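Work through the exercises below with the sequence and the structure open. Each task is followed by a solution in steps.

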Amino acid sequence: MSQSLKRYGAWALVTGASSGIGRAMAQRLCADGLNCIIVSNEKEALTATAEEFSRRYATEVIPCTCDLSSLNHLEEIRRCVGTREIDILVNCASFGTLGRFLDTPLSVYREGVGVSVHSYLTLTHHFLQGMVERDRGAVIFVCSVNAFAPVAFSAVYTAEKAFELFLGEAIWQELQYADSKVDLLVMCASATKTNFQARARTRVAQWAWTPEKVVDAGLRKLGRTPVAAISWRGNVYRYAGKLLLERLRLRFASWAITSNLAWDRKALLRTK
Ligand SMILES: NC(=O)c1ccc[n+]([C@@H]2O[C@H](COP(=O)([O-])OP(=O)(O)OC[C@H]3O[C@@H](n4cnc5c(N)ncnc54)[C@H](OP(=O)(O)O)[C@@H]3O)[C@@H](O)[C@H]2O)c1
């Protein structure tokens, strides 16, 4: 078990908290005694989650229904936050698409970039300001091992995750230069049993971890390192990719990620 997150303050904001890793993250924050503002686009699941966690952990949990791909999501979230100071920000909402680049409509990619790039950038820019002024807090990016190398048939999702990785790492270094006490972690998960695969229309690898296990492993790294690849598979993937020449790296990455999905991969390679 990692250290209590109460050390960062009283309020956290978690995006993508209606299911999967975001939900497990919000649960862990509440279990540690923090109050939470939980964000997703799914009113019913979010309200049920808020009621369950506030009852179970005797903390305040505010559901904030918001489409993070919309341009005005910051105003909506600011309305939910009111005058509260956010001490922990967890950027977690995201969805992936699997298939040939040209087979997915541009509108779906734009929505994905809105959620995983625009909202991560906007919320971090907004809430990090207060944390830096108070010299206390934590920003967590729930990222993926897909960020370590481009992956065929997952082009836009891997590009979104690479953005997240680079953004997080660069800000971490700025915080170091400033001797800031604000912690930042890019936690790069491997396959996890969530709704992610169903939305991406694929299946989950048999060895996939539970979201709770991912959250626990990730939080153990908070304050210790800028980037954590969760699980040994994630670390092999991360470092093997660095050792390979570019062409080989592209092939390796596309094979390693889609080899869990052999049933999809064969079909994808067959399509011309
Ligand atoms: N599952 C994996 O294998 C895996 C592996 C590596 C990394 N990750 C990362 O883990 C993070 C969480 O994914 P997950 O696996 O927990 O998937 P998940 O169970 O599908 O959860 C995704 C969350 O994002 C929210 N979301 C999606 N689009 C939204 C929008 N437009 N506005 C507001 N909220 C939106 C969803 O809420 P709604 O229900 O309202 O849409 C949901 O709460 C992602 O950043 C993903 O890249 C997952």
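The model is predicted.

**Exercise 1. Helix α5 against the sheet**

Task: State which strands helix α5 lies across, and at what angle to β6 the helix runs.

Solution. Locate helix α5 at residues 155–177. The strands beneath this helix are β5, β6 (183–189) and β7. Relative to β6, helix α5 runs at about 155 degrees.

**Exercise 2. The sheet**

Task: Give the strand order of the open sheet and identify the strands at its edges.

Solution. Step 1: the open sheet has seven strands with parallel pairing, in the order β3-β2-β1-β4-β5-β6-β7. Step 2: the edge positions belong to β3 (61–65) and β7 (227–229); each has a single partner strand, so one side of each is left without a neighbour in the sheet. Step 3: on average, and with direction ignored, neighbouring strands of this sheet are turned by 15 degrees against each other.

**Exercise 3. One strand pair and the helix across it**

Task: Describe how β1 is joined to β4, and which helix lies across both.

Solution. Step 1: β1 (residues 11–15) and β4 (residues 88–91) run parallel and are joined by three bridges. Step 2: within this pair, Leu13 stands opposite Leu89 in β4. Step 3: helix α4, residues 106–134, lies across β1, β4 and β5, and runs at about 175 degrees to β4.

**Exercise 4. α4 with α5**

Task: Classify the packing of α4 and α5 as roughly parallel or roughly antiparallel, and list the residues that meet.

Solution. Step 1: the axes of α4 and α5 are 10 Å apart, and the packing angle is about 5 degrees. Step 2: angles under 35 degrees count as roughly parallel, and α4 and α5 are therefore roughly parallel to each other. Step 3: from α4 come Tyr109, Gly112, Val113, Ser116, Val117, Tyr120 and Leu121, which meet Val156, Tyr157, Glu160, Phe163, Glu164 and Leu167 in α5. Step 4: by class, the contact of α4 with α5 has nine nonpolar, two polar and two charged residues.

**Exercise 5. α8 with α9**

Task: Do the same for α8 and α9, and give the handedness of the crossing.

Solution. Step 1: helix α8 (residues 232–243) and helix α9 (residues 246–258) have axes that come within 9 Å and cross at roughly 160 degrees. Step 2: angles over 145 degrees count as roughly antiparallel, and α8 and α9 are therefore roughly antiparallel to each other. Step 3: the crossing of α8 past α9 is right-handed. Step 4: α8 contributes Tyr237, Ala240 and Gly241 to the contact, while α9 contributes Arg249, Phe252, Ala253 and Ala256. Step 5: these divide into five nonpolar, one polar and one charged.

**Exercise 6. The ligand shell**

Task: Name the residues that come nearest to the ligand, the elements that give two or more residues to its shell, and the classes present there.

Solution. Step 1: there are 28 residues around the ligand, and Gly16, Gly20, Asn41, Glu42 and Ser94 come nearest. Step 2: two or more residues of the shell come from each of α1 (20–31), β5 (138–144) and α6 (196–199). Step 3: α1 gives the largest share, three residues. Step 4: by class, the shell has 12 nonpolar, 13 polar and three charged residues.

Methods:
Residues are numbered from 1 along each chain as its sequence is written. This is a predicted model: local features need pLDDT of at least 70, side-chain atom pairs count only at pLDDT 80 or more; totals for chains, interfaces and linings use all residues. A residue is near a molecule or strand if its C-beta atom, placed from the backbone, lies within 6 Å of it. Helices (H or I, at least four residues) and strands (E, at least two) are DSSP runs, numbered from the N terminus. Ala, Val, Leu, Ile, Met, Phe, Trp, Tyr, Cys and Pro count as nonpolar, Asp, Glu, Lys and Arg as charged, and the others, Gly among them, as polar. Two strands pair if DSSP finds at least two bridges between them. Axes are lines fitted to C-alpha atoms, for helices over the stretch in contact, and angles run from 0 to 180 degrees between N-to-C directions. Two residues are in contact if their C-beta atoms, placed from the backbone, lie within 7 Å. Angles under 35 degrees count as roughly parallel, over 145 as roughly antiparallel, 65 to 115 as roughly perpendicular and the rest as oblique. A crossing is left-handed if the near helix is turned anticlockwise from the far one by less than a right angle, and right-handed if clockwise.
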